[in-house]
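The following exercises introduce a structure step by step. Please study the sequence and the model shown here before reading each solution.

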Amino acid sequence: MIVAFSVTPLGVGEDVGEYVAEAVRVVRESGLPHRTDAMFTSVEGEWDACMDVVRRAVAAVEARAPRVSLVLKADIRPGVTDGLTAKVATIDRHLAAD
């Protein structure tokens with residue numbers, strides 16, 4: 001499964017980078033395949049492992065912010081591994097054919 005999620009601290013002002021970094025730190029230390037971009041962090045693994053990372057990432061931000069917003073999207077596809085790179089490679093292959 002791939003889980004794309006965004007954790008946003010609320011009530012801390014406009015500069016939220018240091019708070020978001022705490023969530024990303026949890027993801028990076030998890031050992032699961034992951035990718036972070038300007039809007040979301042994606043993590044790949046089994047259901048329990050992914051949800052545990054999301055829970056701990058939210059908790060890391062929640063420990064410092066009075067309120068937290070979580071946006072989550074999941075691609076649940078049993079038996080598929082390396083989806084983070086395979087999906088992008090498929091798109092790149094189609095673009096190269098143009």
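**Exercise 1. Describe the place and surroundings of Val68.**

Solution. Val68 belongs to strand β4, which spans residues 67–75; helices (H or I, at least four residues) and strands (E, at least two) are DSSP runs, numbered from the N terminus. This is a predicted model, in which local features need pLDDT of at least 70 and side-chain atom pairs count only at pLDDT 80 or more, while totals for chains, interfaces and linings use all residues. Residues are numbered from 1 along each chain as its sequence is written, and side-chain values use heavy atoms, with hydrogens and water left out.

Next, consider accessibility. Val68 is partly exposed because its relative accessible area is 26%; buried means under 20%, exposed over 50%, and partly exposed in between (1.4 Å probe, protein chains only).

Finally, consider the neighbours. Apart from residues within four places in sequence, Val68 is in contact with Val7, Thr8, Val58, Val61 and Glu62, where contact means heavy atoms within 4.5 Å. Val7 is 61 residues away along the chain, yet the C-alpha atoms of Val68 and Val7 are separated by 6.8 Å.

**Exercise 2. Is Val24 buried or exposed, and what does Val24 touch?**

Solution. Val24 is located in helix α1, residues 17–30. Its relative accessibility is 12%, so Val24 counts as buried. Beyond its neighbours within four places in sequence, Val24 is in contact with Thr36 and Thr41. Val24 and Ala57 are 33 residues apart in sequence, and their C-alpha atoms are 7.1 Å apart in space.

**Exercise 3. Establish the order of the strands in the sheet.**

Solution. Begin with the pairings; two strands pair if DSSP finds at least two bridges between them. β1 and β3 run antiparallel and are joined by four bridges, with Val3 standing opposite Val43 in β3. Strand β2 (residues 34–36) pairs with β3 over three bridges, also in the antiparallel sense, and here the bridge partner of His34 is Val43. β2 and β3 form a hairpin, with four residues between them.

Now assemble the whole. The four strands make an open sheet in the order β2-β3-β1-β4, with antiparallel pairing. β2 and β4 are the edge strands, each pairing on one side only. From one strand to the next the twist averages 20 degrees.

Helix α1 packs on this sheet and touches β1, β2 and β3; its direction makes about 150 degrees with that of β1. Axes are lines fitted to C-alpha atoms, for helices over the stretch in contact, and angles run from 0 to 180 degrees between N-to-C directions.

**Exercise 4. Which residues of strand β3 are buried on each side?**

Solution. In a regular strand the side chains alternate between the two faces of the sheet. In β3 (residues 41–44), Thr41 and Val43 lie on one side and Ser42 and Glu44 on the other, and all are buried.

**Exercise 5. Which residues have the most contacts inside the largest nonpolar core?**

Solution. A nonpolar core is a set of buried Ala, Val, Leu, Ile, Met, Phe, Trp, Tyr and Cys residues joined through side-chain atoms within 4.5 Å. The largest has 17 residues, and Val3, Phe5, Val7, Val43 and Val61 have the most contacts inside it. β1 (2–10), α1 and α2 (47–62) each supply at least two residues of this core. α2 gives the most, with six residues.
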